[in-house]
Amino acid sequence: MMKKQTLKNNWLSLLSLAVALSALFYNTWRNEQTELNRNYRASGFEIVREIAKLQLLVDQTFYAPESNNNVIEGWTRINFIQSLSAIMPSSVKQRADDLKLVWSEQWQQLNEKESANKLITEANRALEQEVLIALKQLD
């Protein structure tokens, strides 16, 4: 009987404690989600920027070989994209890995074969699309 009376006397305090704990847990989760989304956005926009720079390099190397672009710059961009993709969703990371694989197989033929340009461009666009999908899915 004493327990019921104690519970009855303190129900408002217990309810307040439950609401406070729930709010604390939700707020912590929301802050973590917001930070993750912020990281995705920053990385995603940077990847899209690097994709555009890489595409310019690829096209200049094939269509204007006299411009004397250095494919080392391409490797630098590929590695930077891959680093940024590490904190993105796994689908973006996979597309970045695909791009690096295509680049590693095609970069030496970029001056000579249009097919090398097309394969790199397709991998580049696939990565761009995956990044845009990931950004659109953020809440």
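Okay, let's start with the rings: searching the whole structure turns up four aromatic pairs. By a pair I mean rings of Phe, Tyr or Trp (its six-membered ring) with centres within 6.5 Å; planes under 30 degrees apart are stacked, over 60 edge-to-face, and the rest tilted. One of them is Phe62 with Tyr63, an edge-to-face pair with 4.7 Å from centre to centre and 85° between the planes.

Before I go on, two housekeeping points. This is a predicted model, where local features need pLDDT of at least 70 and side-chain atom pairs count only at pLDDT 80 or more, while totals for chains, interfaces and linings use all residues. Residues are numbered from 1 along each chain as its sequence is written, and side-chain values use heavy atoms, with hydrogens and water left out.

Back to that pair: which of the two partners is buried, and which is exposed? Phe62 counts as buried because its relative accessibility is 15%, whereas Tyr63, at 53%, counts as exposed. The cut-offs here are under 20% relative accessible area for buried, over 50% for exposed, and partly exposed in between, with a 1.4 Å probe and protein chains only.

Next up, Trp75 and Trp107. They also make an edge-to-face pair, 6.5 Å centre to centre with 75° between the planes. Where do they sit in the chain? Trp75 is in helix H2 (residues 71-85), and Trp107 is in the loop between helix H3 (90-106) and helix H4 (114-136), so this pair links distant parts of the chain, 32 residues apart. Trp75 has a relative accessible area of 23%, so it is partly exposed, and Trp107 is partly exposed too, at 24%. Add Trp103, and ring pairs link Trp75, Trp103 and Trp107 into a cluster.

Now zoom out to the whole protein. How many helices and strands are there? Four helices and zero strands, so from the N terminus on you read α-α-α-α. Those are DSSP runs numbered from the N terminus: H or I with at least four residues for helices, E with at least two for strands.

What about the overall shape? The C-alpha atoms fill a box of roughly 90 × 20 × 20 Å along the principal axes. The radius of gyration is 25 Å, where a compact globule of 139 residues would come out near 14 Å. That radius is taken over C-alpha atoms, and the globule rule is 2.2 Å times the number of residues to the power 0.38. Buried residues make up 30% of the 139.

Leu15 gives you a feel for the distances. Leu15 sits in helix H1 (residues 2-63) and is partly exposed, at 45% relative accessibility. Leu15 and Trp107 are 92 residues apart along the chain, and their C-alpha atoms are separated by 65 Å.

Last residue: Ser85, in helix H2. Is Ser85 buried or exposed? Buried, with a relative accessible area of 0%. Leaving aside neighbours within four places in sequence, Ser85 is in contact (heavy atoms within 4.5 Å) with Ile47, Val92, Lys93 and Ala96. From Ser85 to Asn70 you go 15 residues in sequence and 24 Å in space, C-alpha to C-alpha.

And one more on contacts: among those between residues at least 6 apart in sequence, 70% join residues at least 24 apart. That's my tour.
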